[in-house]
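Thanks for making the time this morning. I would like to walk you through one model, beginning with its strands and then moving on to its charged side chains.

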Amino acid sequence: MSSPENEPEGDSAVPAEALPVVAPQLRALRRRAALTLEAAARAAGLSPAHLSRLETGQRQPSLPMLLALARIYGTTVSELLGERVADRDAVVRAGDMEPTAAGGWTYWQAGAPGRGMQALRVHVPYGSQGDIVRVHPGEEWLYVLKGRLRLRLGDTAHRLAPGDSAHFDSLTPHRIAAQDEGGVELLFVHTLLQSPTATLCLGHTPGETP
């Protein structure tokens with residue numbers, strides 16, 4: 001499969017008249033996502049020089065490039081093109097929260113998509129992802145609704161019960177795991193818009209338990 005950088009620019013390229021809007025949007029949204037030029041380019045399958053040319057309007061992006069960048073920045077191609085985002089409803093109804101499963105966890109979107117903060121309700125089953133160390137830009141806040149949580153921040157282990165919360169810098173290596181067999185349910189808010197899995201998960205550290 002070809003990378004976005006190797007895609008032909010012909011019919012899939014964004015019209016040239018859109019470039020004055022696209023270039024500053026690409027730069028602004030990358031910075032909003034707290035990603036360096038090098039990190040964003042690597043995640044999108046581009047060279048830093050190529051992404052820099054896109055951000056300065058010297059190169060015309062193709063649709064696959066925009067799709068890749070929108071995914072990484074946690075936004076839409078429409079926003080990358082500078083189109084006005086319709087006003088979002090401030091209220092999210094329980095019936096509209098569709099569950100999404102990933103890596104054994106179950107997520108319910110508890111806030112509007114595309115915001116600088118992402119709000120989720122999360123169910124973490126016992127034994128799921130407890131050995132994964134996460135490190136990424138941003139901040140996280142979590143609140144335990146049900147069950148007990150094991151949270152490791154750097155070299156310090158914490159046990160959180162219902163009603164307990166934690167607020168920390170996401171660049172601190174952290175692990176989240178359920179302490180009990182019934183799992184744990186959390187409210188979770190983070191400023192990370194989106195990053196590739198490789199930048200989030202460093203894997204198990206031998207000899208350690210979360």
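Let me begin with strand β2, residues 105–109, which is joined to β3 by 4 bridges, the two strands running antiparallel. Within that pairing, tyrosine 107 has valine 122 in β3 as its bridge partner. Please keep in mind throughout that this is a predicted model.

Stepping back to the whole sheet, we have an open arrangement of 6 strands in the order β1-β2-β3-β9-β4-β7, with antiparallel pairing. The edges are formed by β1, residues 99–102, and β7, residues 165–169, each of which pairs on one side only. On average, and ignoring direction, neighbouring strands of this sheet are turned by 25° against each other.

Now to the charged side chains. As a general reminder, side chains of opposite charge can pair when their charged atoms come close. How many salt bridges does the count come to in this model? The count comes to 3 salt bridges, and I will take them in turn.

The sheet itself leads us to one of them, in which the side chains of arginine 121 and glutamate 185 meet at 2.9 Å, N to O. Arginine 121 lies in strand β3, residues 118–124, and glutamate 185 in strand β9, residues 184–190, so this salt bridge ties together parts that are 64 residues apart in sequence. Arginine 121 has a relative accessible area of 24%, and is therefore classed as partly exposed.

Another salt bridge is found in loops, where the side chains of aspartate 180 and arginine 148 meet at 2.7 Å, N to O. Aspartate 180 sits in the loop between β8 (174–178) and β9, while arginine 148 sits in the loop between β4 (139–146) and β5 (149–153), the two being 32 residues apart. Aspartate 180 counts as partly exposed at 22% relative accessibility, and arginine 148 is partly exposed as well, with a relative accessible area of 37%.

The remaining pair takes us to the helices: glutamate 55 forms a salt bridge with arginine 30, with the closest N and O atoms 2.6 Å apart. Here glutamate 55 belongs to helix α3, residues 48–55, and arginine 30 to helix α1, residues 19–32, so that distant parts of the chain, 25 residues apart, are linked. Are these two residues buried or exposed? Both glutamate 55 and arginine 30 are buried.

Finally, a word on threonine 75, in the loop between α4 (63–73) and α5 (77–80). Its relative accessible area is 14%, and because the cut-off for buried is under 20%, threonine 75 counts as buried. Leaving aside residues up to four places away in sequence, threonine 75 touches Leu29, Arg32, Ala70 and Leu80.

Notes. Residues numbered from 1 in each chain as written. Predicted model: local features only at pLDDT ≥ 70, side-chain atom pairs only at ≥ 80, totals over all residues. Heavy atoms only, no water. Salt bridge = Lys/Arg side-chain N within 4 Å of Asp/Glu carboxyl O. Buried < 20%, exposed > 50% of the residue type's maximum accessible area, 1.4 Å probe, protein only. Contact = heavy atoms within 4.5 Å. Pairing = 2+ DSSP bridges. Axes fitted to C-alpha atoms, helices over the stretch in contact; angles between N-to-C directions.
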